[in-house]
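Biologist: Got a minute to walk me through this model? I'd like to start with what the words mean.

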Amino acid sequence: MKRMGMIFRAKANKALDRAEDPRETLDYSYQKQLELLQKVRRGVADVATSRKRLELQLNQLQSQSSKLEDQGRKALALGREDLAREALSRRAALQQQVTDLETQHATLQGEEEKLTLAAQRLQAKVDAFRTKKETIKATYTAAQAQTRIGEAFSGISEEMGDVGLAIQRAEDKTAQLQARAGAIDELLASGALDDQSGMHKDEIQAELDRISGGTDVELELQKMKAELAGGSQQQAIEGGTGEGQSQQQPTDTPRFDKQ
């Protein structure tokens, strides 16, 4: 089970490593930092709002304390010492509330300053991270492009590998067809295979046909020569006979005496 678990984790890690894009990871981290910065700014705004609310309450209490003091003075001036004492007692209670609110105000103001400083520092870090992120992304993209170009030139990329395999298969099939065609020609020429179409002849048959054709031509030529030679002799014989008759005719012609 431990081994299966290790194998599963190794396969999952490898699959995640192939699927992970550093640029997407950097963008996601930057987005998270922006969200954290937004939360800090919202916290600063909330603390500032609470501080502002305390300041308003302090102003109201201080206004009431001043009003009670004036009322006590007027009551004492009119000889109403009891009213003056009551006014001073209420003023003292308000003064205690003012002191507590001032303490809370100082605490909130300190928290606001801390959060403001933290937001400024976080903003600086986010800005620096953004610059570094863009630099890393540009470098990664350039390296990826260079790698793809190198793989394309060397032919080891997946796309070019498929093209190379297709070319290799085409060359192999072409060579196989050429070899098969050559083998069939050799077999037909040697007579090992019969030409069903009657169009192909082997070398021996072609030579025999050539010799036979040449013999027929020679025989026909000899025959024509013989005929021509025979005709010439007949003409010569006939011509010779005519001349003899023409020469002998005067002697053979009977002569008649004139009476």
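Modeller: Sure. Buried here means under 20% relative accessible area, exposed means over 50%, and partly exposed is in between. Keep in mind that this is a predicted model.

Biologist: OK, so is Lys133 buried or exposed?
Modeller: Lys133 is buried, because its relative accessibility is 5%.

Biologist: A lysine, hm. Which side chain does Lys133 meet in a salt bridge?
Modeller: Asp27, at 3.2 Å from N to O. Asp27 sits in helix H2 and Lys133 in helix H3 (residues 81–154), so the pair ties together parts 106 residues apart in sequence.

Biologist: And how covered is Asp27?
Modeller: Asp27 is partly exposed, with a relative accessible area of 30%.

Biologist: What about Asp27 and Lys137?
Modeller: Their side chains also meet in a salt bridge, 3.2 Å from N to O. That pair again links distant parts of the chain, with Asp27 in helix H2 and Lys137 in helix H3, 110 residues apart. Lys137 is buried, since its relative accessible area is 18%.

Biologist: How many salt bridges does the whole structure have?
Modeller: A search finds 14.

Biologist: Give me one within a single helix.
Modeller: Try Arg73 and Glu69, whose side chains meet at 3.3 Å, N to O. Both lie in helix H2, four residues apart, which is about one turn of the helix. Arg73 is exposed at 57% relative accessible area, while Glu69 is partly exposed at 26%.

Biologist: Back to the shared partners: which residues do they join into one network?
Modeller: Asp27, Lys133, Glu134 and Lys137 are joined by salt bridges that share partners.

Biologist: Switching topic. Where is Ser65, and what does it touch?
Modeller: Ser65 is in helix H2 (residues 22–77). Leaving out residues up to four places away in sequence, Ser65 touches Arg91, Leu94 and Gln95. Ser65 is buried, with a relative accessible area of 5%.

Biologist: Zooming out, what is the chain built from?
Modeller: Five helices and zero strands. Of the 259 residues, 13% are buried.

Biologist: And contacts over long sequence separations?
Modeller: Taking contacts with a separation of 6 or more, 72% are between residues 24 or more positions apart.

Biologist: What about the exposed surface?
Modeller: The chain exposes about 21200 Å², and carbon and sulfur atoms supply 55% of that.

Biologist: Last one: how far does H1 reach?
Modeller: Helix H1 covers residues 2–19 and reaches 25 Å from its first C-alpha to its last, close to the expected 26 Å. H1 is hardly covered, with one buried residue among its 18.

Methods. Residues numbered from 1 in each chain as written. Predicted model: local features only at pLDDT ≥ 70, side-chain atom pairs only at ≥ 80, totals over all residues. Heavy atoms only, no water. Helix = DSSP H or I, 4+ residues; strand = E, 2+ residues; numbered from the N terminus. Expected span 1.5 Å × (residues − 1). Buried < 20%, exposed > 50% of the residue type's maximum accessible area, 1.4 Å probe, protein only. Contact = heavy atoms within 4.5 Å. Areas by Shrake-Rupley, 256 points an atom, 1.4 Å probe, with all protein chains shown as cover. Salt bridge = Lys/Arg side-chain N within 4 Å of Asp/Glu carboxyl O.
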